[in-house]
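I opened a fresh page today to log what I look up in this structure. I'll keep my entries short and go topic by topic.

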Amino acid sequence: MTKWVYTFGDGKAEGGAGDFERLGGKGANLAEMCNLGLPVPPGLTIVCDACTSYYKNGRKVSDELKPQVMQGLKQMEAVTGRKFGDTERPLLVSVRSGGRASMPGMMDTVLNLGLNDTTVQALGHDAGDARFAWDSYRRFIQMYADVVMGLDNEIFEEILEDEKARFGHEFDTDLTAVEWQHVVSIYKSVIEEELGEAFPQDPEVQLWGAVSAVFSSWMNARAVTYRHLHNIPEAWGTAVNIQAMVFGNLGNSSATGVAFTRNPSTGEKELYGEFLVNAQGEDVVAGIRTPQSITEVARIASGYERPSMEKLMPEAFAEFRNICAQLEAHYRDVQDLEFTIERGKLWMLQTRSGKRTTKAAMKIAVDMVDEGVITEDEAVARIDPMTLDQLLHPTIDPRVRREVIGSGLPASPGAATGEIVFTAEEAIIAEEEGRKAILVRIETSPEDIHGMHTAEAILTTRGGMTSHAAVVARGMGIPCVVGAGTMRIDMRNEKLIGIGVTLTKGDIITIDGSTGQVLKGEVPMIQPELSGDFGRIMVWADRSRRMTVRTNADTPADARAARSFGAEGIGLCRTEHMFFEGDRIHVMREMILAENEEGRRTALAKLMPMQRLDFTALFTIMHGLPVTIRLLDPPLHEFLPKTDEEIAEVAGSMGMEPAMLRQRVDALHEFNPMLGHRGCRLAISYPEIVEMQARAIFEAAVLGARETGAPVVPEIMVPLVGLRSELDYVKARIDEVARAVMTEAKMKIDYLVGTMIELPRAALRAHIIAEAAEFFSFGTNDLTQTTFGISRDDAAAFIPTYQRKGIIEHDPFISLDFDGVGELIRIAAERGRRTRNDMKLGICGEHGGDPASIHFCEDIGLDYVSCSPFRVPIARLAAAQAAIKARA
């Protein structure tokens, strides 16, 4: 028979901290505290698997579970000397959730369960305090009716406020026993009126109603959202903890509170928390009464007049402080604690690893290393890489009210305020005039790059996490929200229609790229701050990791930013982005629109010095570090105008008829450009483009080496190769240009020619392609598209639905699909190295900055990951954590 229930209490437990997968975090830690001999009220934990069973059985509790719970209650009765439902010494219990991962406030709790019209009298007589008993009963009715019966808690709050006013009381604690009894009678009447059923009087019926409600709360909207935000699998389910009640509302010698063993905001080594006298746990977080400080130091610092726990209850405080020190030493981490004092007796109700700000996490980790509590590797492992965004970008002050007018996908972190502009040209004008602008577009294209660069932030109503806007914004470190489907853009009338508001050009909005929210007006910001603790953590991380971390950089500004964040080279330079700068787009269009090869070569001759200048700057900034340059990749039509207005404007600037330009644009149109005339296919069709880019690269290598004195070894990457013969053709052109430049410069240039693995065929034929390629770089954006047959720009329309319905767990464009795309990478890595055992392998898609994907790269032995500049610290930390895990 399956064991569904584990008991704890009286100094012993059936489980411990290591059983968190089975017992959930709360249950495992309650058991652990019992085993440590700490004062914990007895109880039992229903395992997480019972929640999974509950849903499989159509939201019904297993028949095997009930007798095990009732047997566990008997053990609680033996320890407490009380009996569940007894009319003389009733045992009351709390029923709480407790999943593997902490989800504070997301699921439901019921306190004081077991009270009814009879046991309330017994409780009052036994405690010698009728007021306490009726207060506990009204709390139970209010909570049970809300959580289990589905009656809105606001109804009860309104009744209570009305009755307090009628009795002339300000605080709940002012009500007498008789007055509470009156409130209870009103509560019960309202329940019967609203629901057509009486409040249940049978404690066993109450118990199973509460257990079912806790299981059901695993799928409530806030829990589902929280799991999605924090990548907690739905399949884990939640445990249920049933525990004997202890009472913080038993008069002025009783209290309840929450505390952290260190300050969760700053990381300072000081007891941090609050408590309330004559209260129960929900009162502390409900805000009905102002909590009091736990320590005298905190009371003085806050200016509160009411006494601290340290002064008011010195014996309980001394015991609590010792327990805090014991638990932090035992778990070797900051603890978040809940406690109750019942008539002077301290009881521990929970301990768990305390959530903290990134700044605090850094300080705590560094301090614990200095204290000899943890190792440097453990300190590195404790920092969530994704939270480093808090340290690298401005964020919205959490204290301010947010007027949300729309929401989308959080494509690039940070926050920014500015006036709405609808075109890239308007963004440039705003910058020139000293005004901050938010570029608002239905979707962006490469042609918008100059305006994107000058904008404070970017907002699009279409696109996903790997759309053009998202990728470019992350590379530039600009906040960005994409796929804001709750908003509409009227480009003709220059209007942005949001939730309950219509804004026009020049109106002020704020973009929160970390949450995906769009806010009306200007909002106060908190500026990023890199502490010395951050520097020490990163030194330890770099010491621990095996893979190098490069950056995706197309401009000198990107390269400098990445170097400042610790990038060890460039893993992807997208040369097409360089063609949109300034007047270059006109020369590029001249090349595309040329009638023959001679015309194309004439235009390319104008572009070559521009490309050489760009490459020289990148080689100089990287000062001998590797630089991987991808040859021209996108289809040519992306460089051409689209609307009639744009075509007329471009035709005028080029001295040609709009009709002729439209004819050429139409001729280049492709039905599926993602799988069309792009990448190496362009290089084969127009080898003169390859020759120009190769010459620019090699001449820049000569100039960079002479300027820095460091050898420059360019890595030239041929995109979208699926056939060995494609790579052979393009490589031959590159080698021919290399020989010519070396002869002209009288200098030997070492260089590598490799390919981007972004097609399933290339992955499967990697052993053959490796005969010509000297390195592989996995372009996981396109490899994900071609493996799934999903356009990344259109995926946002249905991927969230897939996640919500459990079809997939993660968006494969954000976190690598290990089973499919990952398998192709694994195959290509193994087969490529079988042919060329020293082959350099890296990843340069957006996944290069995703911690989970970086762990996969470590597992299969890639040499480097490459990501946008502002993700370099994230990748450095994640790569270190992956290496530490691999060594464990």
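Before anything else, I need one cut-off: a residue is buried when its relative accessible area is under 20%, exposed when that area is over 50%, and partly exposed in between. I also note that this is a predicted model.

**Entry 1: Arg-332**

I started with Arg-332, and its relative accessible area is 29%, so I call this residue partly exposed. I found Arg-332 in the loop between helix H13 (314-331) and E12. Then I checked its backbone: phi is near 55°, which is positive in a residue other than glycine. I jotted down the background, which is that most residues other than glycine have a negative phi.

Next I asked myself: with which residue does the side chain of Arg-332 meet in a salt bridge? I found Glu-378, at 2.7 Å from N to O. This pair links distant parts of the chain, 46 residues apart, with Glu-378 sitting in helix H15 (residues 376-381). Glu-378 has 27% relative accessibility, so I put it down as partly exposed too.

**Entry 2: more salt bridges**

I searched the whole structure and got 62 salt bridges. The general idea in my notes is that side chains of opposite charge can pair when their charged atoms come close.

I looked at Arg-402 and Asp-512, whose closest N and O atoms are 2.9 Å apart in a salt bridge. Arg-402 is in the loop between strand E14 (395-396) and strand E15 (404-407), while Asp-512 is in strand E24 (residues 508-512), so this pair ties together parts that are 110 residues apart in sequence. Are the two ends buried or partly exposed? Arg-402 is partly exposed because its relative accessible area is 30%, whereas Asp-512 is buried, at 4%.

I then followed a network: salt bridges that share partners join Arg-131, Asp-135, Arg-138, Arg-139, Glu-161, Lys-164 and Asp-172. Within this list I checked Asp-172 and Lys-164, whose side chains meet at 2.8 Å, N to O. Both Asp-172 and Lys-164 are buried.

**Entry 3: strand E3 and its neighbours**

Which residues of strand E3 (residues 43-46) are buried on each side? I noted Gly-43 and Thr-45 on one side, and Leu-44 and Ile-46 on the other, so both faces are covered. As a reminder to myself, side chains in a regular strand alternate between the two faces of the sheet.

I looked up the partners as well. Strand E1 (residues 5-9) runs antiparallel to E3, joined by four bridges, and Tyr-6 stands opposite Thr-45. E3 is also joined to strand E8 (residues 238-244) by four bridges, again antiparallel. There, Ile-46 has Val-240 as its bridge partner.

**Entry 4: a five-stranded sheet**

I traced an open sheet of five strands, in the order E11-E10-E9-E12-E13, with antiparallel pairing. Its edges are strand E11 (292-293) and strand E13 (345-353), each pairing on one side only.

How many bridges hold the pairs I checked? Strand E12 (residues 335-342) pairs with E13 over eight, strand E9 (residues 255-260) with strand E10 (residues 272-277) over six, and E10 with E11 over two. I wrote down an example from each: Thr-340 is partnered by Trp-347 in E13, Ala-255 by Val-277 in E10, and Phe-275 stands opposite Gln-292 in E11.

**Entry 5: surface patches**

I found a negative surface patch formed by Asp-146, Asp-152, Glu-154, Glu-158 and Asp-162. Helix H6 (residues 153-167) gives the largest share of this patch, three residues. Asp-152 is in the loop between helix H5 (130-147) and H6, and its 45% relative accessibility is why I list it as partly exposed.

I also logged a nonpolar patch of about 280 Å², made by Phe-798, Tyr-802 and Ile-807. Phe-798 lies in the loop between helix H31 (780-788) and helix H32 (799-804).

**Entry 6: one more positive phi**

Last, I checked Asn-112, which is not a glycine yet has a positive phi of about 65°. I placed Asn-112 in strand E7 (residues 109-113). Its relative accessible area is 1%, so I filed Asn-112 as buried.

Notes
Residues numbered from 1 in each chain as written. Predicted model: local features only at pLDDT ≥ 70, side-chain atom pairs only at ≥ 80, totals over all residues. Heavy atoms only, no water. Patch = residues over 30% accessible without salt bridge, like charges linked within 9 Å, V, L, I, M, F, W, Y side chains within 5 Å. Areas by Shrake-Rupley, 256 points an atom, 1.4 Å probe, with all protein chains shown as cover. Salt bridge = Lys/Arg side-chain N within 4 Å of Asp/Glu carboxyl O. Lys, Arg positive; Asp, Glu negative; His and termini not counted. Charge placed at Lys NZ, Arg CZ, Asp CG, Glu CD. Buried < 20%, exposed > 50% of the residue type's maximum accessible area, 1.4 Å probe, protein only. Pairing = 2+ DSSP bridges.
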